[in-house]
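I set out to learn how this chain is built, beginning with the whole and moving to single residues. My entries follow the order in which I looked things up.

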Amino acid sequence: MKLSSLTNSIRWLPVAASIALLHHHGYAANPLDFEVHSLDYNADGVVDLPGRLLVPTNYDPNQSYPLVVFYHGQQEGGTDNVIHVQKPNIDNLVANAKSRDFFLYAPQGPANVSSWSIPNIDYSMIMAMNAAREYNIDRKQIYVTGLSLGGGAAWTAISRYTEGLAGAVPIAGIQGKQMDNARLVGKPIWAYHVENDPQVWTGFTRGHINDIRNADGKSALNFPLNADPNDPYYSDGSPYYSDGSTYYEEDSLHYSEYEGNYHGGWGAAYNEPHLYDWLLAQVSSPDVTVGDTFLFDFGNVQVSVPDTNGNTWNSTYKNLFKVEGVALPFAKKTNGDSSHVCIEVSAIFPTHMTNGSATGIPYDNKIGTDGWITEIDATDTTDFGQLTLSGLIPGAEYSLDIFATNPNGDGGRGRMSRYEVGTDTRDLQVHQNVANIATFASVTADADGEISIKVYPTPGSGSRYGQINTLEMALVSLPTGPTPGHFEVYSFDHRNDGNIDLPGQLYVPSGYDENTLWPMVIYLHGDNERGVDNVAQINAKLDGLIANADSEGFFIYAPQLSDSLGSWNSSEIDKVVRVAADITRYYTIDFSKISLTGVEIGGGGVWNAFSRYAEAFAAAMPVCGDTSGATVYADIVGLSIWAFHSEGDSVVPVWNPRSAVNWIRAEAGKSSLSFPLDSDPNDPYYSDGSPYYSDGSTYYEEDGLRYSEFNSNAHDIWTQVYADANTYAWLLSQSTADQDLLPTELMLFDFGNAQVLSNDSQGRYWNSTDKHYYETYGTALPFAGTITGRHTAVSVNVDGLFESHMTNGVASGTPYDNNIASDGWLTAVNATQTAGFGELAVSGLVPGGVYRLEIFATNPSSDNNRGRMSRYEVGSATADLEVYNNSTGTAVLNNCVADAFGEVRIKVYPTPGTTSRFGQINVLELSAVSLP
């Protein structure tokens, strides 16, 4: 149930019920920036957990936002609900919440305590989810952070709600409570501490880091990390620090240790842009599979340990039965894994039954014998109690088993209770019940992912009360019908260092079916959407595209350009295309129907991308776009383009698309058009707008090139363009030519750290890597070109990371130019066939096609005479190559068959049985032998 129907509740103090507050737009923390968000769990008018919520200034209910939960330190405890958001400790956190548009919830714990209690941490999670009920907060993007005492709370919260939360940033924290380190392996955590903190021992944070490593089967780190240059985890602070601070990162676990002798670090940490780039890119995706079961215990005595069968229960306590709102957040499955599921009290139960005794019930006595009871003489329309399960999978089927028992027969009236789910009902005699259960075998979660259970006495039975003690819910089946369209975070981390280099979101259309091939449209945003929040580019400009994505059936990939850049330059376009290629590996995208569109500077990016990867895209549609990109118009002659502009656009002048149209005509050997096209009826290209316009707008079409010029001074024409059915009738009908690598063609790949941007001395085109692609999972070389430069559906992806690269040296006598042959990618030291190996996946091939791979590598270092014999493995076939001082030798793998996904995988590692410690690859030649 949405909170809009509950705003009259006085049981907890929601943001909607708070007094109107003035928004302070400075960077310092100010209580007036926050709305009251407090919990009264006894429903007695006394606030039990004060709290405040910072709402993004330009909050738009049509888009979802992240939420960060902040736990304060010892000096900020109390009941004033002010000091914890007033002190300068969180100035930088507040400033970033404002600039990056995320919610910030700050509960206030009691004064003069040595730690945050587990109940208060649980209550803070209740209030985090209550915020998500009123506002459009993405449950996949809820994070915790805290400082000092609150740093320990952040450790506790991420351990207690591991799968439900997306990440944690504990700073100078005390030791967490009831830590389950095995659960934290692989969980996104970035901890901070000062090396010689005089108040909170640095050993607490170091200990947590090593405890997680130990749970992952790794040895302890030796601190400080800059003590021994020969230590494998030695750190000089790279890539973030150069002041003596150290930095550790491995498997989503980060630790920054500042140099110094003070208690603090939060001012610096909360001011690091890369922290937010990393944090806000993390999403929680709890595993939910058919058969997963959740157990809920309603009563006044909380069960905090597994039952006699070892099952975890979600158990209420205090007087939450009479508090409208979330009662059980991030519910846990029977195995203890938390989720996005919540139990909400959407209509209160005024009383509860205290623990009694009932022999033979299906649950432990302390679980089964207390429960929640409705108002006397409740009916299905008045005074009923109601629970709402939220965070379910829309359209999925669940089973519900409800149990209740009560030794009191209410003066012979009995306690027949009715449970209503939708139009379905079940009755249960609760008086002295031992084994009977009210079962709903199959209930469908609604479009919001919710199921509501109404409780009241069975009509006509004489019973005066409805009651519920326990609920067992299991996932029966996943939805088989169309799934709702939705955005997913799809960002790019160029160096696998936790810094997002290209934020992005992917719109998956309604009804996506992996058995069908789907078109994809890449959308490049305009000037005002630049940034790193991964939100600004998803705005009203996209509304028409999204609506048609669902009705016409296509994906939308929407990356975000940094606000430090003025245009979609070639480097950014390369990143965009890498991500687009990566998407094709995880969704059934039709390679022949990937198109480009964009507005303003995004329109300029469309021109640039289309010329840079001409054969890879089916069509280009720049809208009110500039022409500032490095566009090679000769490369797009004859391809499908439809540009749109307004004649009187004062923001992006109309000469931009007019010039582009004439440049393309010039490359095709044609004369320039005279604009506007309706100025001279005798001009051979005179236009009255036919067949699309009759309002004075003009239209030109020839040899795949279209141009619509609106008779308007408006800059905002995207609304009209993206809403027009003609747009999609044309766009989705375009296809690329054959994108398969043909048997007559050859493809060359260069792996290293120095990118080759021009053809080699033989005039051949190379697909060449740049920077640290070797240590980043995903697509490294997208839509690869043949030696003639024809782009195809083929991409090379890194599925197993390489540890390092060999910098350009000198390699005499090799079959390749020196700048190509003399750098390469190396595996981890002492890699094997099963651990530490590097792996490349060549995708976009024809399933069942037969391919030939020829691999070259060279290295002038013998590795202290160990040699560098490398093995290359494709399926069951292997080839070995001595890389040391190699000049002409190659490893050849013939007859490699692409799998059902159109992929061939190449595993690289040192050859077993030799003294070689490294595998290496510098060059790959790929050719098709035969296609099915």
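The entries below record what I looked up.

**Entry 1: the chain as a whole**

I note at the outset that the model is predicted. I counted the secondary structure and found 15 helices and 48 strands. I then asked what radius of gyration the chain has beside that of a compact globule. The chain has 31 Å, and a compact globule of 932 residues would have a radius near 30 Å, so the two agree. Along the principal axes, the C-alpha atoms fill a box of roughly 95 × 80 × 55 Å.

I turned to burial and found that 59% of the 932 residues count as buried. The exposed area of the chain is about 34300 Å², and carbon and sulfur atoms supply 47% of it. Among contacts with a separation of 6 or more, 70% are between residues 24 or more positions apart.

I also looked up the charges. The chain carries 49 positive and 108 negative side chains. The centres of these two sets lie 6 Å apart.

**Entry 2: two open sheets**

I traced an open sheet of five strands with mixed pairing, in the order E13-E12-E25-E19-E22. Its edge strands are E13 (314-315) and E22 (438-444), each of which pairs on one side only. Strand E12, residues 293-297, runs parallel to E13 and is joined to E13 by two bridges. At this junction I found Phe296 with Asn314 of E13 as its bridge partner.

I traced another open sheet of five strands, in the order E36-E35-E48-E42-E45, and its pairing is mixed. Here the edges are strand E36 (767-768) and strand E45 (891-897), and each pairs on one side only. I asked which way E42 and E45 run. They run antiparallel, with five bridges joining E42 (residues 850-856) to E45. Glu854 stands opposite Val892 of E45.

**Entry 3: strand E29 and its partners**

I examined strand E29, residues 555-559, and found it mostly covered, with five of its five residues buried. I asked which residues of E29 point which way. Phe555, Tyr557 and Pro559 point one way, while Ile556 and Ala558 point the other way. I recalled the general rule that side chains in a regular strand alternate between the two faces of the sheet.

E29 pairs with strand E27 (residues 504-508) in the antiparallel sense over four bridges. Within this pairing, Leu506 has Tyr557 of E29 as its bridge partner. With strand E28 (residues 518-524), E29 pairs in the parallel sense over three bridges. There Val521 stands opposite Ile556.

**Entry 4: Thr205 and Arg413**

I asked whether Thr205 is buried or exposed. Thr205 sits in helix H5, residues 202-215. Its relative accessible area is 0%; because buried means under 20%, Thr205 counts as buried. Leaving aside neighbours within four places in sequence, Thr205 is in contact with Trp155, Gly173, Ala191, Tyr192, His193 and Tyr255.

Arg413 lies in the loop between strand E19 (397-403) and strand E20 (416-421). With a relative accessible area of 39%, Arg413 is partly exposed. Not counting residues up to four places away in sequence, Arg413 touches Ser461, Gly462, Ser463 and Arg464. I also looked up the separation of the C-alpha atoms of Arg413 and Val69, which is 48 Å. These two residues are 344 residues apart along the chain.

**Entry 5: backbone details**

I looked for cis peptide bonds. One joins Phe223 and Pro224, with omega about -10°. The peptide bond from Ser238 to Pro239 is also cis, with omega near 0°. Pro224 is in the loop between H5 and strand E10 (246-250), and Pro239 is found in the loop between H5 and E10 as well.

I then looked up positive phi values in residues other than glycine. Asp101 has phi near 60° and is found in the loop between helix H1 (91-100) and strand E6 (103-107). At 18% relative accessibility, Asp101 counts as buried, because the cut-off is under 20%. Asn864 has phi near 55°, and its place is in the loop between E42 and strand E43 (869-874). At 65% relative accessibility, Asn864 counts as exposed, because exposed means over 50%.

Notes. Residues are numbered from 1 along each chain as its sequence is written. Side-chain values use heavy atoms; hydrogens and water are left out. The radius of gyration is taken over C-alpha atoms; the globule rule is 2.2 Å times the number of residues to the power 0.38. Buried means under 20% relative accessible area, exposed over 50%, partly exposed in between (1.4 Å probe, protein chains only). Contact means heavy atoms within 4.5 Å. Accessible areas come from the Shrake-Rupley method with a 1.4 Å probe; for residues, only the protein chains shown count as cover. Lys and Arg count as positive and Asp and Glu as negative; His and the chain ends are not counted. The place of a charge is taken as NZ of Lys, CZ of Arg, CG of Asp or CD of Glu. Two strands pair if DSSP finds at least two bridges between them.
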